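Please read this briefing alongside the sequence and the model, which are shown just below. The notes that follow are grouped by topic.

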Amino acid sequence: MDIIDILTNKIEATIESLYGTSDKVVLQPTRKEFEGDYTYVFFGLVKSLKKSPPEIGNAIGTALLAHNDIFESFNVVQGFLNLKLKPSVWINVLNDILQISVGSEINRNSASVMVEYSSPNTNKPLHLGHLRNNFLGYSVANILDAAGYDVTKACLVNDRGIHICKSMVAYKHFGNGETPESSGIKGDHLVGKYYVEFDKAYKNQIQELTASGATEDEAKKSAPIMIEAQEMLLKWEQNDAEVIELWKKLNAWVYEGFEKTYKKIGVDFDKTYYESNTYLLGKDLVEDGLKHEIFYKKEDNSVWIDLTDEGLDNKLVLRGDGTSVYITQDLGTTDLKFDDFKSEKSIWVVGNEQDYHFKVLFAIMKKLGRSYADGCYHLSYGMVDLPSGKMKSREGTVVDADELVDEMIATAKIMSAEKGKIEDLESEESASLFRMLALGALKYYLLKVEPKKRMLFNPEESIDFQGNTGPFIQYTHARIKSILRKANVDDKQIFKLEGTHILNREELELVFLVKDYGSVIKNAAAEYSPALIANYTYELAKTFNGFYTQHSVMNEENENIKYLRLGLIKKVAETIKHAMSLLGIDVPERM
């Protein structure tokens with residue numbers, strides 16, 4: 001049984017014995033400014049027993065010490081009971097930790113969950129905002145898997161619509177048969193180039209029309225290139241052979257480009273859906289909703305739903321001419337996903353500009369009586385800004401994902417050399433290390449911030465070897481592995497401690513953190529928050545460095561203490577490696 005469970009049971013039994021009542025005991029680590037290991041907050045008892053906090057706290061603390069041999073001392077601060085455990089307890093805890101593999105204490109459950117992320121448009125390459133989306137989705141999927149869920153990673157590709165038609169029209173006018181092979185340009189970048197060309201041509205035509213006396217709104221609607229794009233979309237929907245052929249060609253280039261980027265950033269999917277296959281879904285749901293009077297029809301034949309009782313508004317679900325709107329196909333796609341995988345939970349990783357859309361989607365699903373509706377969750381995240389300002393894609397000033405990763409690799413190489421952080425590595429090994437550091441810096445920086453917060457990405461700050469960064473944690477792992485190599489500790493070696501060594505404060509902090517890792521995973525899974533894993537791992541790496549600054553491992557004269565410390569730091573390294581893998585980050589064996 002875990003130490004937390006043991007303590008909880010003993011406190012609950014003591015409360016029952018003293019007061020003949022019960023309380024839901026929740027323990028938390030004692031804050032560093034107070035003496036103790038765990039704290040029990042008992043304000044609930046104060047209210048129900050109508051006794052003073054010191055009276056209740058002292059009574060429980062005294063009884064615990066009198067009847068249990070695991071407590072060394074206690075103190076009471078207001079409604080907080082701080083409990084300090086005997087040193088022998090922590091040796092037993094450490095021994096238990098050393099016997100099991102990291103993360104294995106979490107039981108798998110039968111609950112299934114789908115995490116949908118990335119969802120790119122096929123008119124442009126992935127950019128910095130997509131990176132936050134991909135890293136969030138991939139990491140949340142890993143965390144849920146580690147917490148015992150059966151996870152499916154999904155992607156819905158937005159491969160149809162006016163956006164791709166804009167690239168197609170521009171390619172038709174200005175492409176001159178250019179291909180990724182003939183131009184040496186990656187496929188998604190090439191299609192993105194023509195999206196930008198469309199925008200340039202469109203703006204020029206608007207200028208010409210306004211100069212001829214048209215208002216700006218009239219010019220935007222009557223610009224020939226925009227009319228052509230809209231006509232091309234209609235032809236696509238009518239399955240026009242020539243349009244379909246061009247659409248397939250450009251999308252194939254984009255998919256090939258996406259695949260290279262996903263491989264480069266270490267992200268994958270179990271299932272990919274394409275909007276071109278799902279955009280007509282949902283109409284059956286609208287018919288069903290009309291039949292059951294969940295939706296209503298207006299005079300122009302358009303179909304709506306009244307969501308004012310949900311704090312929302314009236315929402316269009318089908319146009320008067322019978323064509324779908326975005327929410328219609330989302331209703332259909334959501335049904336399809338649940339039919340395919342029967343997931344109890346479904347998580348959409350989508351930017352916060354879509355918050356309202358998902359409130360509407362989930363509200364409609366509930367009104368339609370879908371059994372899975374309560375398991376739907378929108379993991380909303382904030383924009384990523386650079387010091388130079390917000391990203392834009394139409395003008396071609398977007399922060400491209402491929403270019404950013406390449407720049408990060410180059411920066412990792414320069415900073416590693418400047419800091420003298422690299423041993424004599426072969427060129428192939430050093431190239432792999434620079435890539436590992438670059439991706440570690442990028443992923444960690446984007447994931448350490450709570451998803452809902454808008455954030456500023458600073459490339460140089462992210463790749464620093466000091467502070468709350470990926471490279472600092474990666475370097476700490478390499479440092480521990482170097483000590484273990486010197487001690488000839490094998491990865492498979494299992495440590496079993498004997499004796500009654502009293503752990504010093506720094507050792508105790510490490511044991512405490514490593515022991516707590518399972519609960520951190522559970523909390524991160526419950527909150528869909530890689531930030532909890534990231535900041536825990538930084539705290540663990542920082543605590544190890546504090547320990548190592550004050551205490552030697554290899555030069556420790558007492559062999560029992562040396563053995564204990566080797567076992568402890570080996571478990572620290574394994575925990576760092578496991579935690580970073582949940583963030584999609586690799587750690588080096590040496591640097």
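**Exposed asparagines with positive phi**

Asparagine 488 is exposed, its relative accessible area being 67%. The model discussed here is a predicted one, and the points below take up two loop asparagines, a four-stranded sheet, a helix with its buried residues on one face and a buried alanine in strand 6.

- Asparagine 488 belongs to the loop that joins helix 19 (470-486) to helix 20, and, although it is not a glycine, its phi is positive at about 55°.
- Asparagine 176, in the loop between helix 6 (162-174) and helix 7 (180-183), likewise has a positive phi, near 50°, in a residue other than glycine.
- With a relative accessible area of 77%, asparagine 176 counts as exposed, because the cut-off for that class is over 50%.

**The open sheet and helix 3**

- An open sheet is formed by 4 strands in the order 1-2-4-3, with antiparallel pairing.
- Strand 1 (27-29) and strand 3 (71-77) are the edge strands, and each has a single partner strand, so one side of each has no neighbour in the sheet.
- From one strand to the next, the twist averages 30°.
- Strand 3 pairs with strand 4 (residues 80-85) in the antiparallel sense over 6 bridges, and within this pairing valine 76 has leucine 81 of strand 4 as its bridge partner.
- Helix 3 (residues 53-67) lies across strand 2 (38-41), strand 3 and strand 4, and runs at about 175° to strand 3.

**Helix 21 and its surroundings**

- The buried residues of helix 21 (residues 517-527) are Tyr517, Gly518, Val520, Ile521, Ala524 and Ala525.
- Viewed down the axis of helix 21, these buried residues fall within an arc of 160°, so they line one face of the helix.
- The elements covering the buried residues of helix 21 include helix 5 (128-146), helix 20 (505-515), helix 22 (530-550) and helix 23 (559-582).
- Tyrosine 528, just after helix 21, takes a positive phi of about 50°.

**Alanine 154 in strand 6**

- Alanine 154 is part of strand 6 (residues 150-157), and its relative accessibility of 0% places it among buried residues, because the cut-off for that class is under 20%.
- Leaving aside residues up to four places away in sequence, alanine 154 touches Met114, Val115, Glu116, Tyr117, Phe269 and Lys271.
- Alanine 154 and valine 115 lie 39 residues apart in sequence, while their C-alpha atoms are 6.0 Å apart in space.

Technical notes: Residues numbered from 1 in each chain as written. Predicted model: local features only at pLDDT ≥ 70, side-chain atom pairs only at ≥ 80, totals over all residues. Heavy atoms only, no water. Buried < 20%, exposed > 50% of the residue type's maximum accessible area, 1.4 Å probe, protein only. Contact = heavy atoms within 4.5 Å. Arc of directions from axis to C-beta. Pairing = 2+ DSSP bridges. Axes fitted to C-alpha atoms, helices over the stretch in contact; angles between N-to-C directions.
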